[in-house]
Structures are given as structure tokens and as C-alpha cells.
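Me: I should like to understand how the descriptive terms for a protein model are justified. Please set each value against its definition.

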Amino acid sequence: MHYQFTSESVSEGHPDKVADQISDAILDAYLTQDSNAKVACEVLITTQRCIIAGEVKSFAIVDPVAIAKKVITRIGYTSEEVGFNAETATFENHLHQQSPEINTSVLIGGAGDQGIMFGFATNETPELMPLPIVLAHKLVKTLATKRHNGEIHWLRPDAKSQVTVKYVDGKPVGIDNVIISTQHTEDVSQDLIREQIISEIVIPTLAPYNNNLLPLTFVNPSGSFTIGGPHGDTGLTGRKIIVDTYGGRCEHGGGAFSGKDPSKVDRSAAYAARAVARYYVKSGIANWCKVQISYAIGRPEPQSIYVETDKDQSTNWHIQNDIKKRFDLTPNGIIERLKLKNPMYEQTASYGHFGRNEFSWEE
């Protein structure tokens, strides 16, 4: 039971996360005008080009291109030198009408698609999340904060982090190593980058978790990182699903979240599964809990519920039966309980969907 576990995160300026934030901002715009809007929005962003596609059924009048420009500007991509210029780039909007067959299935309360969703919780952190992903998110979020407020002037939007935690008898006992790669201006040395990242990001963020010891730290291990953002790497909606969830500590059904309205169980049932797993850990019944839920398109009730915990199989079986009595896991039941028709999805699209108490599934 002595092992290491690693998770990664990416900043709001990572190209895939830019795409996620645009998709969810467009979803929010529809839900603001029409709480019953059905949206499945995908984004591809590359060098000076952003393509928006997907399916919508709504009476709302929305300008997806204007929303995309606003998101990209907020993140900080305002010049080609940085990696994208929202004002001069080419935008394409290919959103079209949702299939009437899919719409019929969700109108009667059925799931918008088949799928398997996982939820997980562990008591190793106050957030009831695995420590590696919690710390990976904290590092890149701190980077973004110091970039936006001008504390570190040479930072640019694109960044990644990786944290490896040591476990003994299944419990985290220290941080083994950390990797931070961050985009930067051309006029700063790698020595200064390393010095400031360690002193202003790594030490303040990780000291409370590592007995004030500095873990082995790699900063921009490949060297210079001036070419980033959509110019350095094409971004796509839904390509950071492990970053979005549990950092690899729990299986993933494969469905992404961003750009999908809550009738899509890829999103709503994943939130519900997290809430369920969180309930049994928060109540002290298990130290960690994993829940799998499956659905069939057009059918409201789950096809199956599976539970795994650190307890024996008898406990797992009792939890599994308790879930069926305690929780309404139909799409409509989930949407109502978690208030998922509210336009709050853009803020979920960076730094993880779980472990953040501003969201209803974390209450």
C-alpha cells in the first residue's frame, strides 16, 4: 500500500480549455433566455480560426461568435503574439437544429443518450477529492490569478501542472514531485521563471500539504515556452475529461461535459453520481466511494447502479440499495434537485467540475 499517484491540470488558457469555456458560455447564453434550451455545442480553435458547431433547439436569440470573442478576450488572447487575437481572427458558426428524434426522447423525461457515468469522493481532502488533482488545479489557478492581476508580468495564458503524491497505507503523506509548464514572454530568462514560479506559486500553494518541504520541482522542463495557446496547439471541446473529473483516480465513462445542456446525462448524471458518492463519504459510511450509473436513450430510469468503497461487499450492496431508495436519478429528478437549468456552466469549464462548493452537486 505504498505507492505514488499523479494527476495533471491545465490553465484556462490551454487551447482545449478555451474551447470548453466557449462551448459552455454559449450554453449559458441559451439557458439565460430559455431554461429548456437543448444545446450540444462543440468548438475547434487553432491559429487565428475558431469553428463552432453542434445542435440546438431553442427560441433564444444568441450570437455564438460574439460570445466566443468575449471569452477569448477575457482569457487574455488579444494579440497574435500571445497566441490568438480575438478581434482579427476568423470565426465560423455551424450550429444547427437538433434532431427531432433526440428531442422527442428528452421531452418525455428520457435520457438524451445512452452512456455510463462515474462519480467519486474521498475523505483525503476537505474538498472530498483526491489530493493530486486538488493541488494540480490550485497551481494553475494561482498562475492565472497572478497573471490577471499583474503580479507576474511575463506570464501568458497557456499553462499545465502535474503533481505526484506519495501514499502510505492508502493515505497521502507527502508530495514527491511537481511539474509546471507555463507560457511566457520572450524577454524573461528561464532562471527567473523557475525562481518566481517556485517562490510565488509552488511554495505558497504546496507548503500546507507537505510539511513546508519543497518537492522535486520541474519548471518548463523542455525550456522556452513562448509559442502557446491555439497557435501552439489546436484546442477541442471535451478533450480534458480527466482534468475535469478526478485526475485519473476514478474511471471515466468517456462522455465530456462542456457545451451540453443537462438533459444530456453525460453531464447531469456525472454530477449526480458525484453528489451520491460525496453523500456516503461525508456521512462517514465510507472513506472513499465510487458510483457508476448507466442509462439508455429515451429511458428515464438508470439501467444499472454499481457501488465500490473501501468497505466490504456487504456494505457496498447496502449502499447500492439505499441509493435506489434515497435518490431520484431520472434526468428530470437530477435537473430539479441540482438546479441544472441555471446558466452557470462557463465557470465549470476550467479548474475542475468537482470539489468546488459554488456548485449545487457539492452541497
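Reply: We may begin with the cysteines. This is a predicted model, and a search of the whole structure finds zero disulfides.

Me: How do you know that Cys41 is in no disulfide?

Reply: The nearest cysteine sulfur to that of Cys41 belongs to Cys50 and is 8.9 Å away. A disulfide requires a pair of cysteine sulfur atoms within 2.5 Å. The sulfur of Cys50, at 8.9 Å from that of Cys41, is therefore too far for a bond.

Me: Why is Cys41 called buried?

Reply: A residue counts as buried when its relative accessible area is under 20%. Cys41 has a relative accessible area of 1%, so the term applies. Cys50 has 0% relative accessibility and therefore also counts as buried.

Me: Why are helices α4 and α5 called oblique to each other?

Reply: Helix α4 covers residues 131-148 and helix α5 covers residues 190-206; their axes come within 10 Å and cross at roughly 135°. Angles over 145 degrees count as roughly antiparallel, and those from 65 to 115 as roughly perpendicular. An angle of roughly 135° fits neither range, and α4 and α5 are therefore oblique. Their crossing is right-handed.

Me: Which residues make the contact between α4 and α5?

Reply: From α4 the contact includes Leu135, Lys138, Leu139, Thr142, Leu143 and Lys146. From α5 it includes Ile197, Glu200, Ile201, Val202, Thr205 and Leu206. Of the residues in this contact, seven are nonpolar, two are polar and three are charged.

Me: What makes the phi of Asn220 worth stating?

Reply: Phi of Asn220 is near 45°, which is a positive value in a residue other than glycine. Asn220 lies in the loop between β10 (216-219) and α6 (229-232).

Me: How do you know whether Asn220 is buried or exposed?

Reply: The cut-off for buried is under 20% relative accessible area, whereas exposed means over 50%. Asn220 has 4% relative accessibility, so Asn220 counts as buried.

Me: What is the phi of Tyr351, and where is this residue placed?

Reply: Tyr351 has a positive phi of about 70°, although Tyr351 is not a glycine. Its place is in the segment after α10 (331-338).

Me: Why does Tyr351 count as buried?

Reply: The relative accessibility of Tyr351 is 9%. Buried means under 20%, and Tyr351 therefore counts as buried.

Conventions. Residues numbered from 1 in each chain as written. Predicted model: local features only at pLDDT ≥ 70, side-chain atom pairs only at ≥ 80, totals over all residues. Heavy atoms only, no water. Axes fitted to C-alpha atoms, helices over the stretch in contact; angles between N-to-C directions. Helix = DSSP H or I, 4+ residues; strand = E, 2+ residues; numbered from the N terminus. Parallel < 35°, antiparallel > 145°, perpendicular 65-115°, else oblique. Left-handed = near helix turned anticlockwise from the far one by under 90°. Contact = heavy atoms within 4.5 Å. Nonpolar A, V, L, I, M, F, W, Y, C, P; charged D, E, K, R; others polar. Buried < 20%, exposed > 50% of the residue type's maximum accessible area, 1.4 Å probe, protein only.
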